[in-house]
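Me: I would like to understand the reasoning behind some of the words used for this protein. Could we go through them one at a time?

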Amino acid sequence: MPFGRRFAALGIALLLGLAAPAARAAELEAPRGPVVVTVGGNIQHTNRGPFDPDQDLFLKYHERSFTRAAAFDRAMLEGLGLHAVTIALQGWPDPVTLEGPYLRDLVAAVGGAGRTVTLVALDGYGSEISWADLQGLDWIVGLRQDGRPLGLGQRGPLWVVYTYPDGRALTMEDEGRWPWATFYIEIE
């Protein structure tokens, strides 16, 4: 092989070798434990295939589908950083402390972009968040309440809540935006 062709072949191989890690960097690691939330929609980083009506039965039941998605187990969510917030509302017997990552960090981890983020609970309840509210409020993807993992029937597997950065009091209207048992997040 002439020198020029060998040099060109080496250059192409080098470029392909450099491009491969960049392509892999756009993918998230696969969950090792049970998936507790799937993030779909307008995202850059994935770790699972598109919606499969034979496997994604709860999503199918709620008439949700996607072409790009990322699945997270508890360890992956904890890896995004844990933050604690104490919330209390009039009529509650006691305040509760929730721990979990910021929702904005989860959206960033999947390379999400859009105008809205919709949180969907196991019962089908949905809460739509504007991009401004996502950035302006301290949304927490609650994994634990008062130090214990949230379970089904205890607002789990995830309870997404927020507090106001200025510390203003929370209201029952705020609580209405906090879906219990969140299992799917859609970015549009």
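Reply: Gladly, and please keep in mind throughout that this is a predicted model. A starting point is strand S1, which covers residues 35-41 and runs antiparallel to S2, with five bridges joining the two.

Me: How do you know that S1 and S2 count as paired strands?

Reply: Two strands pair if at least two bridges are found between them, and S1 and S2 are joined by five bridges, so the condition is met. Among the residues involved, Val-37 has Phe-72 in S2 as its bridge partner, while the partner of Val-35 in S2 is Asp-73.

Me: What makes S2 and S6 edge strands of their sheet?

Reply: The sheet is open and consists of five strands in the order S2-S1-S11-S5-S6, with mixed pairing. Strand S2 (69-73) and strand S6 (126-130) each have a single partner strand, so one side of each is left without a neighbour in the sheet. Between neighbouring strands of this sheet, the average turn is 20 degrees when direction is ignored.

Me: What makes S2 a mostly covered strand?

Reply: The description rests on a count, since five of the five residues of S2 are buried. On one side these are Ala-69, Ala-71 and Asp-73, and on the other they are Ala-70 and Phe-72, so that both faces of the strand are covered. This split fits a general pattern, because side chains in a regular strand alternate between the two faces of the sheet.

Me: Why is Thr-38 called buried?

Reply: A residue is called buried when its relative accessible area is under 20%, and Thr-38 has a relative accessibility of 8%, so the word applies to Thr-38. This residue lies in strand S1. Leaving aside residues up to four places away in sequence, Thr-38 touches Arg-48, Phe-66, Ala-69, Ala-70, Ala-71, Phe-183, Tyr-184 and Ile-185.

Me: How many residues of the protein as a whole count as buried, as a percentage?

Reply: Of its 188 residues, 39% count as buried. The protein, which has six helices and 11 strands, exposes about 10400 Å², and carbon and sulfur atoms supply 56% of that area.

Me: Which contacts link residues that stand 24 or more positions apart, and what share do they make up?

Reply: Among contacts in the protein with a separation of 6 or more, 65% are between residues 24 or more positions apart.

Note on methods: Residues are numbered from 1 along each chain as its sequence is written. This is a predicted model: local features need pLDDT of at least 70, side-chain atom pairs count only at pLDDT 80 or more; totals for chains, interfaces and linings use all residues. Side-chain values use heavy atoms; hydrogens and water are left out. Helices (H or I, at least four residues) and strands (E, at least two) are DSSP runs, numbered from the N terminus. Axes are lines fitted to C-alpha atoms, for helices over the stretch in contact, and angles run from 0 to 180 degrees between N-to-C directions. Buried means under 20% relative accessible area, exposed over 50%, partly exposed in between (1.4 Å probe, protein chains only). Contact means heavy atoms within 4.5 Å. Accessible areas come from the Shrake-Rupley method with a 1.4 Å probe; for residues, only the protein chains shown count as cover.
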